[in-house]
Amino acid sequence: MNTEMIILGTILVSICGLPFLAVAISRNKLNQSLKRLLTEHVTEHGGNVFREEFIGKMGIALDEKQQLLFVVKQLPESDYKVVVNLNDMSSCKLDKECSNVKSDRGTYLLVESLTLHFIPKSKTQAHIKVPIFSIESDLHLSGELEFAERWYALISEELRLRIPTQTQWTAQPPAKRHKATA
């Protein structure tokens, strides 16, 4: 009787644990394929990854030396790949599209999309929009908002700290410093 209970318990535990194991294996395969896709994308453009991060079916990497941002996203129809040259950008914005949803418990804010929006220095160059989340393809938020805010802050800091080139200095000379007298 004791042996039968041990066998039965082992079978039940393995049946209950099997879905969790399958999800973990699937997520690991997805992360490996995203990592490979992002690495190939970076290598194609001769970049070196300084920082990278993955969320869901998306990967993003920064090459600080060349000031390049690499983004890959696995979509059902094809892979989305983009390279943003931060040297050509004047600023970055985080676009959040939201709508109010009313229910019997109150009104809620529903995030419909998150996009990193890059504004170029040149007026002739097109704006670059990198979709982070869309309710049409991603169904629900699971860390994308924090991910988008973290990368927005990192990219904005990179753009702010960028050392001006000689043409930028001649176009707008640096402010002169005066010594303070006591």
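Two residues are in contact here when heavy atoms of each lie within 4.5 Å, and that meaning applies throughout this walk through what is a predicted model.

A convenient place to start is strand β2, residues 58-63, together with the strands on either side of it in the pairing. Strand β1, which covers residues 51-55, pairs with β2 in the antiparallel sense over five bridges, and one of these links Ile-55 to its bridge partner in β2, Met-58. The hairpin of β1 and β2 has two residues between the strands, and in it Gly-56 takes a positive phi near 55°. On the other side of the pairing, β2 and β3 run antiparallel and are joined by six bridges, with Asp-63 having Leu-68 as its bridge partner in β3.

The surroundings of β2 can be read from its burial. Six of the six residues of β2 are buried, so the strand is largely enclosed by the rest of the structure. Both of its faces are covered, since Met-58, Ile-60 and Leu-62 are buried on one side, while Gly-59, Ala-61 and Asp-63 are buried on the other.

The hairpin of β2 and β3 has four residues between the strands, and here Gln-67 takes a positive phi near 60°. Gln-67 lies in the loop between β2 and β3 (68-74), yet this residue is buried, because its relative accessible area of 9% falls under the 20% limit. The side chain of Gln-67 reaches the backbone oxygen of Glu-64 at 2.8 Å. When residues up to four places away in sequence are not counted, Gln-67 touches Val-84, Asn-85, Leu-86, Asn-87 and Glu-158.

Val-84, one of those partners, leads on to the interior, as it is among the residues with the most contacts inside the largest nonpolar core, a set of 26 residues in which Leu-69, Leu-116, Phe-118, Val-130, Trp-151 and Ile-155 also rank this way. Strands β2, β3, β4 (79-85), β5 (89-103), β6 (106-120) and β7 (128-134), together with helix α3 (144-161), each supply at least two residues of this core, and α3 gives the most, with six residues. In soluble globular proteins, nonpolar side chains tend to be buried together.

Trp-151 shows how this core connects with the strands described above: leaving aside neighbours within four places in sequence, Trp-151 is in contact with Arg-51, Glu-52, Glu-53, Ile-60, Ala-61, Leu-62 and Leu-69. A second, separate core of eight residues includes Leu-37, Val-42, Ala-61 and Leu-68.

Definitions and conventions. Residues numbered from 1 in each chain as written. Predicted model: local features only at pLDDT ≥ 70, side-chain atom pairs only at ≥ 80, totals over all residues. Heavy atoms only, no water. Buried < 20%, exposed > 50% of the residue type's maximum accessible area, 1.4 Å probe, protein only. Polar contact = N/O pair within 3.5 Å; in protein donor to acceptor, adjacent residues only side chain to side chain. Core = buried A, V, L, I, M, F, W, Y, C linked by side-chain atoms within 4.5 Å. Pairing = 2+ DSSP bridges.
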